[in-house]
Every structure is written in structure tokens, then in C-alpha cells.
Amino acid sequence: MSASRRLDAPPMPARAVKGIALTVICALVIIPFVGIVSTSLATREQVNAAGGFVLFPSSVTWDAYRSIFAGGVVSQAMLVSIGITVVGTAVSLVASTLLAYALSRQGSFGQKPMLMLVLLTLLFSPGMIPNYLVVKEFGLLDSYWALILPTALSGFNVIVLRSFFMGIPAELTDSARIDGAGHLRIFTNIVLPLSKAVLAVIGLFYAVGYWNAFFNALLYMNDSGKWPLQLVLRTYVVNNAELGASDLGATVDVVPPQASVQMAILVVTIVPILIVYPFLQRHFAKGVLTGAVKG
Amino acid sequence: MSTFISRRNVLRGGLGGLAALAAAPTLAGCSDSSGAEPGGDPSGPAAVLPTYIPYEGVQPDIVGEGGIPHVFFAYPSDPQPATSEKPGDGEPVSASMGTFAPIPPTADRNPYWAELNERVGSELQLSITPGADYPQRFATAVAGDNLGDIFNVDDSLSQLPQFLEAKCQDLTEFLAGDAIADYPFLANLPTDSWRGTVFNGRIYGLPVQRGITGSQIIFTRDDLFEARGVDPSFAGLDEFLQLCRDMTDPQGNAWALTEIPFVVLQSMVGITNEWMVDDAGAFTHALEVPEQKDALEFGRRLVEEGLVHPDGVGGANADAKAWFSQGSAAVIEDTYTAVAGFFARNTIGDAYRLGLQVAPGPDGEPAPMWQGMPNNSFTSLAQADPDRIRLLLQVLNYLAAPFGTEEHLFRSYGIEGVTFEFEGSEPVLTQDGLAYTSNGAFPVEYLVDAPKETYFPGRPDVAQAVYDHQAVAVPASSLTASWGLYSETQGRVGGQLTTMLNDARNGILLGREPVDSWDETVASWKSGGGDDIRAEYEEAHAAQA
């Protein structure tokens with residue numbers, strides 16, 4: 001067997017070891033997901049028999065999903081979360097790119113003090129009560145904007161964007177300027193089209209942040225009809241109360257097991273992100289690395 | 001003594017009920033003063049406590065005495081209204097509370113909430129928060145002065161009496177003594193519960209009452225015991241150890257205990273409660289008495305011999321219930337409120353048999369059961385003019401309507417045909433009812449609640465068995481001496497001390513530290529704040545006396 005042949009095709013034992021290793025690694029990742037889906041579809045008998053985590057359900061029931069969608073709370077919260085995520089991500093991207101562009105232009109007005117302020121937010125964060133008082137004083141309690149504006153700008157994301165913008169060759173912007181373009185035209189016609197990768201990844205950061213956020217809603221939203229999905233689902237997972245089984249006088253015709261309900265909630269929570277992620281994945285590594293190693 | 005429940009022993013349970021009913025007054029007569037006699041002369045600030053006026057419009061199947069809840073074998077037929085007019089005035093009433101259930105739909109999509117608003121006569125604007133997050137929510141709402149008209153109080157708030165005095169309505173003039181007669185359903189709440197709402201000699205809240213239902217006892221899977229030919233009852237620690245050995249079979253994935261039943265173990269070695277007070281007013285904590293090391297030694301032995309589920313030491317209680325339900329453990333320490341859940345998790349039908357064991361004390365008599373806290377929490381009102389306060393109290397009075405009234409049926413189960421259906425005489429929630437109503441996810445019970453009665457829909461044998469257990473265990477029980485007293489140090493460092501104690505206790509139980517190391521733990525507890533807590537309790541106790 002020649003050396004070049006060995007390079008093309010590793011010997012069988014090595015391939016077998018690699019295959020086993022990859023299978024084990026894949027199983028470690030996939031089995032929990034299979035278990036989550038399976039448990040969410042399992043009956044109480046199966047959950048009891050399996051000790052709480054069912055891998056292969058012998059029969060399927062949708063009781064857990066019916067339970068969490070009963071009353072329309074989860075459906076409404078899902079709409080709220082989608083709205084917050086879409087609008088919030090758009091607001092955050094607009095604000096972050098504008099700020100990052102300004103900070104990337106040497107000599108722009110107030111650039112250094114503004115940069116210091118952004119960096120300061122990476123080192124210090126305001127406490128829960130000061131945040132609450134600010135939101136209250138702005139009259140944003142029970143407003144969806146309370147879930148967007150306090151977290152609209154991430155210092156980390158602004159710095160990543162700024163680094164990326166600074167990496168764009170100055171010749172491009174200089175030639176545009178010679179052709180008479182102002183900052184707005186340079187920003188929209190040159191900088192943004194060249195920044196699709198980093199915009200995709202920063203957009204994903206913001207979107208995932210808005211999708212997963214629950215604490216601001218906990219503090220600022222008295223009206224539970226305006227709660228996002230994560231906060232509604234938190235009441236199922238953290239409270240850990242098995243409805244119909246926790247009170248002396250409660251009874252109901254069908255009560256799904258708590259483990260199934262919690263796993264159904266996990267499925268509902270992660271499916272939207274799983275759907276979006278593949279479309280952005282190709283930009284992900286490129287965008288992060290490009291922004292991270294420069295500046 | 002063992003009390004067991006199966007679907008088949010309803011008739012036997014009924015006969016037992018008559019016997020227990022006859023015996024109850026005698027047993028109640030043996031109760032010590034801390035047996036939570038509603039309306040009895042409490043050791044608290046009697047001058048401001050509301051007069052206890054029991055509601056007698058609904059007759060229970062067994063009258064509970066000496067702190068034992070009334071027993072209903074079935075929901076009273078044809079419940080009658082106990083009120084004649086709406087308590088509200090059309091103006092919204094805002095309220096905030098935590099919840100330990102999923103969030104209910106809002107009033108525009110919840111026919112129960114909409115109907116509740118209609119019946120109250122005011123729109124109930126509820127700010128609901130997951131229970132685990134309520135302290136943070138409460139702290140920010142306090143800072144922002146945004147608590148609403150009525151709010152469940154986070155009693156871990158530091159400087160609690162000062163907060164109550166500064167922000168909350170002093171309810172003494174509205175509720176003290178016979179003044180509470182204006183609110184007959186609030187007057188139906190036991191005196192011990194009101195003691196938990198008095199601070200600096202003034203009433204600052206309304207109790208979210210639980211009575212003794214939170215007391216920890218031993219439950220056994222009697223069907224599993226029968227299968228192994230083992231008697232689930234025990235007359236002392238030695239017998240308990242032996243039955244645990246007999247019920248443990250690791251090869252068969254079976255252990256005797258879900259967790260170490262440490263509260264019951266402490267009572268079995270003779271410790272009467274977490275805090276004890278002597279005639280001179282000196283307080284002693286359970287961890288300080290010599291018997292504590294006996295309980296630790298026994299618990300350590302249970303672990304050493306492999307009689308506890310491997311994940312049981314320090315494990316989550318939800319898992320323990322699952323192990324008990326699936327049969328991988330046959331003994332669990334839990335509260336009376338857990339009974340309904342045990343049956344809800346049953347997947348083996350009529351074969352399932354639940355036993356409630358009366359633990360014996362060192363002298364062979366029933367051990368001194370540690371009573372659960374009389375209240376889940378308490379609710380305060382924002383300061384307002386007297387007319388507004390009276391209106392809010394009337395609303396809360398309506399929400400505390402007793403078991404068996406038409407108001408209670410509606411509050412608990414909602415609207416017939418929409419949120420519940422009658423199966424015979426028993427109201428049974430529908431799936432929508434589970435999401436909409438107070439007996440499901442709607443957390444209005446955390447504003448105020450009627451006295452908890454013993455009632456298991458469709459399971460009169462279960463109600464009988466719970467009563468039979470309580471008839472023996474409650475007279476020997478007591479409430480912690482710190483109930484109704486406030487310690488600023490406890491509020492400030494109590495959580496840290498509890499964590500330190502739990503870590504040290506688990507270290508001993510797991511065999512990592514010798515039992516004698518407990519002496520150092522006690523010394524650390526004393527110097528870390530325990531002595532200050534004791535002194536503050538003693539001072540408060542003396543002030544009340």
C-alpha cells in the first residue's frame with residue numbers, strides 16, 4: 001500500500017475507531033433531544049416506568065401539548081415573543097450599526113468619550129432596582145418597549161461591529177467621498193452591503209437574546225397577557241407545580257405528567273431557534289471571527 | 001399506627017370514621033395549648049387578634065377539632081350563596097401575588113376571570129409572578145411604589161416591620177377583636193393564622209391560611225409492603241430500621257426510603273419542633289439539643305446501610321414523589337397536601353394502596369409531630385382612606401368564602417359546563433378549568449384563602465384515612481415557638497445559616513464527617529447569628545407575654 005493511498009483511505013481499524021467516536025459524540029448530542037421529544041409524547045405509565053425520562057415511547061399522547069396550549073396563553077405568548085424578537089432585533093441592529101459606524105470613523109464628534117461609555121457598560125451594569133426605576137420614570141411599565149429599549153444596545157456587539165467596520169479598506173470609503181457621497185450614503189451603499197456576515201451574526205445574537213429573555217418582562221409587565229413565551233414557560237418549569245395533583249381539593253379529568261409537560265415546553269422553546277439557525281449558520285463562524293480578530 | 005387507603009375500603013373507612021368521630025373529642029382533650037385550637041386563647045398579642053367566629057352555614061361530615069380540619073366526604077349538595085351583594089364598587093382593584101402554577105389566561109380570554117370580576121363587582125387587575133421570582137419582583141415593586149391595592153408580602157424582605165409600618169395599611173381598627181364580624185368569612189380563619197399577621201402589636205395583613213396541612217408525616221406504599229410481606233407500621237426506631245432493611249432490594253431497583261425523613265426522625269427522638277420555649281421564656285433550637293445527634297446518627301445509618309434511594313440525599317422533592325409513585329421507594333416523608341398528588345400519579349389502579357403512618361416517639365406514644373406553618377404567606381393592603389380599605393376587605397372577605405358555599409364552588413371550580421362538570425355530586429375540572437380556575441392555575445388563593453378542609457373528590461376513604469391519622473397525630477403535635485414572632489437577624493442571615501446547616505447535615509448523613517462534628521456546626525450557627533436570632537425571639541416573646 002503506497003503512502004498516497006494511505007492518505008486517501010485510512011486503514012480499516014482507524015476508520016472504525018473514528019466511526020465509533022463520531023457515533024458516540026453524535027449520540028451524546030442527539031439522545032437528549034430524542035429523550036426530550038419522546039418524554040413530551042409519553043403517557044404517565046411510561047414516564048413512571050422509565051423514572052422520568054423516556055427514550056422510546058411505546059405509544060404517543062399529545063396531552064402535554066394540549067395542556068400547555070389550553071387557554072391560549074402559550075399561543076399568545078408566542079406571538080408576543082415573535083413580535084418582540086423581530087422588532088427588537090431590527091431596533092438593535094439599526095442602533096448598533098449606526099453607533100458602531102460613528103465610533104469606527106476616526107475624528108468623528110465625541111468619538112472617544114462615546115467609546116469609553118460603551119466600554120464602561122461592559123465593565124459595570126446597572127442593578128435591578130435602578131433599571132426598574134428608570135423604566136418606570138419613562139412610563140414604560142406594561143409597554144412592549146420596556147422589553148426592547150433597556151437591552152437594545154449591547155456594548156459587546158457594538159465593539160464587534162466597530163471592529164468589522166474599521167477593517168473595511170479606507171480606499172473604498174475615500175473614493176466614495178471623492179465621488180461626493182456623504183456618511184449616510186457611504187454607510188448604506190458601501191459599508192452595510194460589505195457587512196452582511198457580521199450583521200447576520202450580530203442579528204442572531206440579538207434575536208436569540210430577545211427570544212430567551214424573561215427577566216425584564218417579569219419586572220416590567222404587570223399584565224400577564226403581554227408576557228413573552230419564555231416567562232410563561234418559566235411558570236411551568238421553575239414553579240414545578242403539577243396541576244390537579246398539588247392541592248387537596250383539585251381534580252381534573254386528565255392530568256399529563258409534569259415531566260412530559262416540561263419536555264413539551266422545551267420543544268416549544270427550542271424549535272423556533274432550530275428553524276432559524278441553519279439559515280444563518282453559514283454566516284456565523286465567518287462573522288464572529290472577522291470581527292473578533294481585528295481592532 | 002397505620003392508616004391505609006385503597007379504593008376498596010370505602011365502607012371500612014366510613015365505619016372507621018364513626019369510631020374516630022367518637023374518639024376525636026377525647027383525643028383533642030389531650031392536646032397541648034399549641035394544638036392550634038381555632039379561637040382558643042393564643043399566646044400572641046391577644047388584644048389585637050380578631051375574634052374567631054366559625055362559619056356554621058355548611059355542616060361537615062366530621063367536625064374537626066383541636067386544629068384538625070373539617071372533613072367532607074363529598075362536596076355539599078346544592079351549595080347556597082352566603083352573600084347577598086357584590087363587594088366591589090365598580091372601580092378596579094389591583095393586586096400582586098406569586099404563583100406556583102402555570103400562568104392563567106387573562107380576563108379577556110378567561111371566562112372564569114371575567115365572571116369573577118362580574119361577581120366581585122370590580123375588575124381584578126392581577127399582577128402575577130412565578131413564585132421563585134416573586135422576591136425580586138416584590139423588591140422592585142416596593143422600590144417603585146407599584147405594589148397595587150393588595151399584595152402578597154415576601155416575608156424574607158429585610159426590615160419587614162418597618163416596611164409594613166411605612167407602606168402598608170394598619171388593619172387593627174378594621175379587624176381587631178369583634179370588628180372582624182363585619183367580614184364573616186375572614187372571621188372564619190383560625191386565630192393561629194392571624195398571629196402571623198401581627199407585627200409590633202398591630203395587624204398588617206390577612207393570612208393565606210394552610211393550617212396543619214403542611215405538616216410532614218410518613219407515607220408508605222402499602223401495596224409494596226404487602227407484596228414483600230412486611231408490616232408498614234413501626235413502634236420505634238429499631239422497627240423502622242428493620243422495615244427499611246426488609247423493603248430494600250438494590251438488585252431489584254427498590255429502596256425503602258426516597259430520602260431521609262429527617263423531620264419525622266427528629267420528632268421520633270423526642271424533639272418537639274424547630275424552636276422550643278420553656279416556662280421561663282428561654283428559646284432553644286432543635287439543632288442544639290442532644291437528641292439532634294441521635295437523629296443524625298440514625299439518618300447516617302440509613303444511608304450507610306443503603307436504605308435510601310441513591311439520589312435521595314439532598315435530592316429534589318419532585319424526584320422523590322416520582323420514585324414513590326413508580327415503586328422504586330416505598331416510604332416517603334411528605335405533607336398532607338401531597339395525598340392528592342400521590343393518587344394523581346397512580347398508574348396501577350385499584351392495586352395502589354397508600355398508608356399514613358403515625359410515627360412513635362421515644363416513649364412509644366405518638367411522636368410530637370411538627371406542625372406545618374399555619375399560613376402559606378400573608379397579604380397586605382396599600383395605605384388608603386378608610387372607605388377604600390373597608391371595600392378591599394369586603395372583596396377579600398368574598399374571596400375567603402368557606403368550603404361548601406356557592407361562592408366557594410364558583411371560586412374553586414368556576415362555571416359549570418365551561419370549567420367543570422358534576423360527576424355525581426363531585427365537581428370535576430375540565431382541561432380548560434385547569435387553566436382558568438382557582439383550583440387550577442388561577443392564583444387568587446395567594447391573596448386570601450378559606451380554611452383548608454379535608455376533601456378528596458370521589459375519595460371519601462382518603463378523607464377518612466387522613467382524618468384518622470390527624471386524630472392521633474395532631475393532639476401530640478406542636479407549632480414552632482417562633483411562630484408569630486419576628487427576628488430581624490433571621491430575615492437578614494437566616495437563609496445563609498440554613499444553607500450552612502444543610503451542608504453540615506448532609507456531610508454527616510453521607511458519612512463524610514463524624515456525627516460529633518455537629519458540635520462545631522452548632523457553634524458556627526450560634527456565632528453566625530443563631531444567638532442573636534434566639535435573643536430577638538425571646539425579646540419578642542416576652543413583649544407578647
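# Notebook: helix α15(B) and its surroundings

I started at helix α15 of chain B and listed its buried residues: E407(B), H408(B), L409(B), F410(B), R411(B), S412(B) and Y413(B). This is a predicted model, so I read everything below with that in mind. The helix covers residues 406-413, and 7 of its 8 residues are buried, so the rest of the structure largely encloses it.

What do those buried residues pack against? I found α2 (111-120), α14 (386-399), β15 (420-423), β16 (426-429) and α16 (431-436), which are elements of chain B. Straight after the helix comes G414(B), with a positive phi near 85°.

**The hairpin beside it**

Next I looked at two of those packing partners, β15(B) and β16(B). They make a hairpin with 2 residues between the strands. In the turn, G424(B) has a positive phi of about 70°. The two strands run antiparallel and are joined by 4 bridges. One pairing I noted is F422(B), whose bridge partner in β16(B) is P427(B).

Which side chains of β16(B) are buried, and which are not? They alternate: P427(B) and L429(B) point to one face and are buried. E426(B) and V428(B) point to the other face and are not buried.

**The five-stranded sheet in chain B**

I then traced an open sheet of 5 strands, in the order β3-β2-β4-β14-β7, with mixed pairing. β3 (124-130) and β7 (206-209) of chain B are at the edges with a single partner strand each, so one side of each has no neighbour in the sheet. From one strand to the next, the twist averages 25°.

I checked one pair in detail. β2(B), residues 93-99, and β3(B) pair in the parallel sense over 7 bridges. Within that, G98(B) has T129(B) of β3(B) as its bridge partner.

**Two non-glycine residues with positive phi**

I wrote down D78(B), which has a positive phi of about 50° although it is not a glycine. D78(B) is in the loop between α1 (10-29) and β2 of chain B. Is D78(B) buried or exposed? It counts as exposed, because it has 6 C-beta neighbours inside 10 Å.

Q159(B) is also not a glycine, and its positive phi is about 60°. I found Q159(B) in the loop between β4 (150-153) and α4 of chain B. Q159(B) has 12 C-beta neighbours inside 10 Å, so it counts as exposed; the cut-off for exposed is 12 or fewer.

**Domains of chain B**

Where do the domains of chain B run? Domain 1 takes 86-213 + 373-453, and domain 2 takes 216-370 + 479-544. Their C-alpha centres lie 32 Å apart. I noted 12 residues from domain 1 of chain B and 10 residues from domain 2 of chain B in the contact. On the domain 1 side, α4 (160-167), α7 (191-195) and β5 (198-199) of chain B each supply at least two residues. By class, that side of domain 1 of chain B has 5 nonpolar, 5 polar and 2 charged residues.

**Over to chain A**

How many helices and strands does chain A have? I got 14 helices and 0 strands. Chain A has 295 residues, and 36% of them count as buried. Of the contacts in chain A with a separation of 6 or more, 74% come from residues 24 or more positions apart.

The domain assignment splits chain A into domain 1 (3-64) and domain 2 (66-292). The contact takes 11 residues from domain 1 of chain A and 13 residues from domain 2 of chain A. On the domain 1 side, the elements giving two or more residues are α2 (12-40), α3 (44-50) and α4 (63-69) of chain A. Which of them gives the most? It is α2(A), with 4 residues. By class, I have 6 nonpolar, 3 polar and 2 charged residues on that side of domain 1 of chain A.

**Confidence in chain A**

Last, I looked up pLDDT. The mean for chain A is 83, and 86% of its residues reach 70 or more. Over residues 244-254 of chain A, pLDDT stays under 50. For that stretch, the model has 41 contacts beyond four places in sequence.

Conventions:
Residues numbered from 1 in each chain as written. Chains lettered and ligands numbered in written order. Predicted model: local features only at pLDDT ≥ 70, side-chain atom pairs only at ≥ 80, totals over all residues. Buried ≥ 20, exposed ≤ 12 C-beta atoms within 10 Å, placed from the backbone. Contact = placed C-beta atoms within 7 Å. Pairing = 2+ DSSP bridges. Axes fitted to C-alpha atoms, helices over the stretch in contact; angles between N-to-C directions. Domains from an automatic or database assignment. Nonpolar A, V, L, I, M, F, W, Y, C, P; charged D, E, K, R; others polar. pLDDT = per-residue confidence, 0-100.
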